[in-house]
Amino acid sequence: AITFTNKAAQEMRERVEMLVGNRARAMWVMTFHSACARMLRADAEKLGYTRGFTIYDEQDSLRLVKNCIEELDIDPKRFAPRAIKRQISDAKNNLLDADAYRIKVGSFFEQTAADVYELYEQRIHGMNAMDFDDLLFRCVNLFELFSEVRQRYSRGFKHVLVDEYQDTNRAQYR
């Protein structure tokens, strides 16, 4: 059972436990990000990470974007780090890596965001880290690139319930 927030996951876990008792402990009742992190920890090396990869929160990600902007000698007043971070996040939620995003850019701002995105990806991977968006994006990569991983989870889960399914973005849906 997958949901969006930790609070909703906790409530769902309590309800499931009331319905099925101790069997609930064997079930995955968690957020999208928690489920994806769990799957990635099991198979991170297939994507070039170690199992102990670091998960960057929003502040860590924004700091890295700022560092990349600085490294590329881009004016942060003209290209706000938060706006660049939003572009990168939107790209990942649409399952676009830096190269695929670059193909779709139209404006000078988007071109600049593509440059930052490319460096950001190099740096975050080099630090054996993933941001929140990567958790979903890399999990999709894991399933699409490695059929044995996809089949293992397909055999392991008879049913998958997604709370508020209509509100999923492309990465969550995939």
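**A tour of selected salt bridges**

Select D60 to begin: at 23% relative accessibility, this residue counts as partly exposed. Buried denotes under 20% relative accessible area, exposed over 50%, and partly exposed the range in between (1.4 Å probe, protein chains only). The model is predicted: local features need pLDDT of at least 70 and side-chain atom pairs count only at pLDDT 80 or more, whereas totals for chains, interfaces and linings use all residues. Residues are numbered from 1 along each chain as its sequence is written, and side-chain values use heavy atoms, with hydrogens and water left out.

Next, add R63, which is partly exposed at 47% relative accessibility. Its side chain meets that of D60 in a salt bridge (3.1 Å, N to O), that is, a side-chain nitrogen of Lys or Arg within 4 Å of a carboxyl oxygen of Asp or Glu. The two residues are three apart in helix α3 (residues 58-71), and therefore separated by about one helical turn. Helices here are DSSP runs (H or I, at least four residues), numbered from the N terminus.

Move on to D133 and K85, whose side chains form a salt bridge at 3.6 Å, N to O. D133 belongs to helix α7 (residues 132-145) and K85 to helix α4 (residues 81-93), so this pair ties together parts 48 residues apart in sequence. Both residues are buried.

Then select E121 and K92, a salt bridge whose closest N and O atoms are 2.9 Å apart. This pair links distant parts of the chain, with E121 in helix α6 (residues 108-126) and K92 in helix α4, 29 residues apart. E121 is buried at 14% relative accessible area, and K92 is buried at 0%. Extend the selection to D131, D134 and R138: salt bridges with shared partners join these residues, K92 and E121 into one network.

Finally, display the whole structure, where a search finds 16 salt bridges.
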